[in-house]
Amino acid sequence: MRIAVVGSGYVGLVSGTCFADLGHEVVLIDNDESKLAALRRGEVPIHEKFLPELLARHRGQKIRFSNDLRAAARDSQAVFIAVGTPPTETGDADLSYVESVAREISGAMDEYTVIVEKSTVPVFTSQWIRTIILRNGAAPAAFDVASNPEFLREGTAVSDFLYPDRIVVGVENERCAEVLRHIYAPLTDGSYYRRADAIPRPDRAPASPPRLIVTSARSAELIKHASNAFLAMKISFVNAVATICESVGANVQQVCDGIGTDSRIGPRFLNPGIGYGGSCFPKDLMAFRAVARECGYDFRLLDEVIRINEEQRHRFLRKVRGVLWTLRGKRLAVLGLAFKGGTDDIRESPAILLVQELLREGCRVSAYDPAAMPRAQEVLNSSVEFTQDPYDAATGADALLILTEWEEFAVLDLARLRKLLKYPIVIDGRNLYDPATMAAQGFTYHSVGRPAALTGDLPAGIRADKGGPA
Ligand code: NAD
């Protein structure tokens, strides 16, 4: 099929590239000329595994880049809208980018076209898109609007797109559903997975092809908000449990193993840490909260999820203060700036927020992240020293803080690290290490929801996270 994808960011670029890998002809649209120029030069503006390979495979063949939205809409059987939907001051989603796309394509649909919202949007948006397109002169029979929420996660976006748990399409009629079934057929009929050049199946991928779930547009819009709110709730729940574990001296990892083996709960997303961030959970929770408010429902559970998430960051900062006593003038090594491992995205990153807080408290910070440093340099002031690798960051530091769960941070050369640090203190916001191993390697090690591993001349029973020395 001929597909236009409007917005060539994390979602649009990945979706469009994967559509090309499924065999469709794709034009990727953006209004950011510098991004388009970079893409045309063969650069890949975001850090995502497999994206460079797929772009190289299809650039100039099945993928074109353009800023001409109207021409693309005229030539395409389906137009996917994947522009940003940032929060407004009140927490509602700002839908002005979506609206401007709808307005612009309204006069350009000569043949039947399906407009697909892939951006995360509040319930009723598809209805609004239809209204805007009609107001701007399109014939009612010339188009349909569908909702096809995207569940990919940054860091594993390409694999998530090609090996999804399910595909949700919200439509109002069978003709429109048929177009979307056709687009996703190589995944739902399994033919993509039999190809020799298919992107490799990730370990956690379901064994059978994904189910295409057809719903009303409103249900599809709610599925996306409800999914993200539920996942964020799982994270805040386990972080609250971690707090109790710290108070009673239990180990949250053991607790999570115990509850995660219950098939009704499941082990995934039970990772305590410094809280969720990124461009989706924080804004989608606020938007879902606003939707509920407009419907007359006071969804206070979501307020609590957000509160626990913010508190988790403050608790971590208190832990750092508890371990180091005073912060002013201390030099801290920070590993990780991205909001999660595998991505260069720092939007709403708890790591960035923590570094900013440490700077405000008078710390000096040397930081390393495998992908996010160029973006971090744009928001962190010049007092942060960006280093070549984790060991450079650690050299001479009073303590090492792990703030993002990059795989490479879980396999550091501990003996080398201990020698480089001024004091062998590691405060791990992502629980990447086993406390007993760290103690055996001579570290004072603090993590989230697990007893600290204290070495050296510490009186038994004194816990840094309770305000005593470490
Ligand atoms: P992004 O900021 O990375 O990309 C948006 C792109 O749209 C930018 O390149 C921007 O230049 C372009 N754009 C904006 N207005 C435009 C217009 N009028 N015409 C053409 N291009 C335009 O955003 P993203 O992270 O890809 O998110 C896009 C949407 O997908 C959001 O609603 C988000 O909530 C949702 N989503 C994101 C993720 C994720 O992990 N990032 C996952 C699922 C859903």
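This report looks at how helix 11 packs against two other helices and at the surroundings of the ligand. The model is a predicted one.

Let's begin with helix 11, which spans residues 281-294, and helix 12, which spans residues 300-324. Their axes lie 9 Å apart and the helices pack at an angle of about 160 degrees. Because of that angle, helix 11 is roughly antiparallel to helix 12. The two cross in a left-handed sense. Helix 11 brings Leu285, Met286, Phe288 and Arg289 to the contact, while helix 12 supplies Arg300, Leu302, Asp303, Val305 and Ile306. By character, these contact residues are six nonpolar and three charged, with no polar ones.

Helix 11 also packs on helix 9 (residues 217-248), here at an angle of about 120 degrees and with the axes 9 Å apart. Helix 9 and helix 11 are therefore oblique to each other, and their crossing is left-handed. On the helix 9 side the contact includes Leu222, His225, Ala229 and Ile235, and on the helix 11 side Phe281, Asp284 and Val291 are among the residues they meet. Eleven residues of this contact are nonpolar, two are polar and two are charged.

Now to the ligand, which has 27 residues around it. Which of them come nearest? They are Asp30, Lys35, Thr85, Glu154 and Lys283. The table lists some distances to oxygen atoms of the ligand.

| Residue | Protein atom | Distance to a ligand oxygen atom |
|---|---|---|
| Threonine 85 | polar side-chain atom | 2.6 Å |
| Threonine 120 | polar backbone atom | 2.9 Å |
| Lysine 283 | polar side-chain atom | 2.6 Å |

Notes
Residues numbered from 1 in each chain as written. Predicted model: local features only at pLDDT ≥ 70, side-chain atom pairs only at ≥ 80, totals over all residues. Heavy atoms only, no water. Axes fitted to C-alpha atoms, helices over the stretch in contact; angles between N-to-C directions. Helix = DSSP H or I, 4+ residues; strand = E, 2+ residues; numbered from the N terminus. Parallel < 35°, antiparallel > 145°, perpendicular 65-115°, else oblique. Left-handed = near helix turned anticlockwise from the far one by under 90°. Contact = heavy atoms within 4.5 Å. Nonpolar A, V, L, I, M, F, W, Y, C, P; charged D, E, K, R; others polar. Near = heavy atom within 4 Å. Polar contact = N/O pair within 3.5 Å; in protein donor to acceptor, adjacent residues only side chain to side chain.
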